[in-house]
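User: Please take a close look at one hairpin in this model, and then set it beside what else can be said about the two chains.

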Amino acid sequence: MITLNEVHKSFGPNHVLRGVTLQVPKGQSMVIIGGSGTGKSVTLKSILGLVEPDRGHIEVDGREVHQGDRDAFLARFGMLFQGGALFDSMPVWQNVAFRLLRGRLKRPRAEAREIAVDKLRRVGLRAEVADLYPSELSGGMQKRVGLARAIAAEPEIIFFDEPTTGLDPIMAGVINELIREIVTEMGATTMTITHDMTSVRTIADRVAMLHDGVIQWEGPVAGMDAAPDPFLQQFIHGRADGPIEAVR
Amino acid sequence: MSRVLSPVAALGRSVLAMLAMIGRVALFALDAVSHVFRPPWYGREFLTALVQIGWLSLPVVGMTALFTGGALALQIYSGGARFQAEFAVPSIVAIGMVRELGPVLGGLMVAARVASSIAAEIGTMKVTEQIDALVTLSTHPMKYLTVPRIVAATLAVPVLVAVGDSIGIFGGFLVGITRLDFNAAAYLKNTVDFLELWDVTSGLIKGAVFGFIVALCGCFFGMQSERGAQGVGRATKGAVVTASVLIFAANYLLTEVFFAA
């Protein structure tokens, strides 16, 4: 269970999070939606400790995230970054097996490569891709490699930051399906940030809408369309008119 | 009144910004050095950095030293002719190269080549979230990116300086025997006779300090890089300019410590 309680974060005069309170139950897929600049990425980065909140508490399974053994804490997470964030200097398989080549999860090189190739197959990439460099791949393939890296060490919690941004609708659909399948078969707790409503409907068990630094609405994906919240309705239907200002 | 004081205020702001920057670099350096002695260590990254910084800088350092040694011989010969001191060419070329020009020019060439490349690489990693990715993969960026580069540069630049010194002296020797009519054996004897061990050692110590400065500036500015191509460009420029200025400042301080009477 991931719990955020009254989390605040400002960058200079810009108050990004103004008291985010959210619970993500174990094994559930939570999707956070909201306009650009509403603090979705900052929320994920706060949980991971990449950003330190000014106020509030974040707990994972009852333990404060900024305390205790950081390596052990991070070993429980996998993350797919918006742009892939693949390491340009190493081939694909080393990107995927990064965690398995060093640190407490270190395996023999051959075994790490085998696992990497297996994970690449799981995301629909051929074994030959393993020896290519990230710059030799298309955007969709890079996302898949990022996805393979996120699941390589079989983490309990996986974060997906804009998994379909920049992809064509077919590739976006493939990535959405992959995420759903992997989440179901791994039983992981996941948080996904997206603007893509197709992703929301494919990936989510629950949906939270972040607006103006607070959770505006939260509930099961099945209840999203019928929810009376005007902010949520404007966002999911992509209307220019409504309580959310189109010019921010 | 405010119009009169505004240049002073601007100057004050610049000085404060510079002091803040020095403070941040110093804290970064302390943090980096503290990580050198704490595991985990990344041997593969260290070896890669050693090749990138040391081996691949050899051509540029060697060429710089060769031409500098040759030019130095010509300058000393023509200048020394004013007071019949042409015979001093071999010893002054040797002492000038190993004490001063070898380490400083070597350091500057490495700063131009390596500080820029480190800052651009780490800066790009930062703006493309690769640094964040490292953290989520339980890898400390300071240990994985900074420590291997700083240790490699601190060890590699003295070796580069030693090679540069030799090539520079050889450049002076070539000019001496081909253009200035020196006897080859006499030139070499003069070079060896007047050169002391401390001349060489002090230059190598300078090289180690300059190597540390170069990698430190590259890593610091890379990590500080702001978003976008412009941010990476600024980081790269900042790394090279700061490393170069710090090399000159450190060179003066070390010369004062080593050779002031």
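Analyst: The hairpin comes first, then confidence, a helix pair and the contact between chains.

This is a predicted model, in which local features need pLDDT of at least 70 and side-chain atom pairs count only at pLDDT 80 or more, while totals for chains, interfaces and linings use all residues. Residues are numbered from 1 along each chain as its sequence is written, and chains are lettered from A and ligands numbered from 1 in the order in which they are written.

In chain A, strand β9 (residues 206-211) pairs with strand β10 (residues 214-220) in the antiparallel sense, over 6 bridges. Strands here are DSSP runs of E of at least two residues, helices are runs of H or I of at least four, and both are numbered from the N terminus; pairing requires at least two DSSP bridges between the strands. A:Met209 has A:Trp217 of β10(A) as its bridge partner. Between the two strands lie 2 residues, and A:Asp212 in this hairpin takes a positive phi near 55°.

Chain A has a mean pLDDT (the predictor's confidence in each residue, from 0 to 100) of 91, with 99% of its residues at 70 or more. Among its elements, the lowest mean, 86, belongs to helix α2 (residues 70-74) and the highest, 96, to helix α3 (residues 92-96).

In chain B, the axes of helix α6 (residues 141-178) and helix α8 (residues 197-224) come within 7 Å and cross at roughly 145°. These axes are lines fitted to C-alpha atoms over the stretch in contact, with angles from 0 to 180 degrees between N-to-C directions.

The contact between the chains takes 15 residues from chain A and 11 residues from chain B, where contact means C-beta atoms, placed from the backbone, within 7 Å.

Methods: Contact = placed C-beta atoms within 7 Å.
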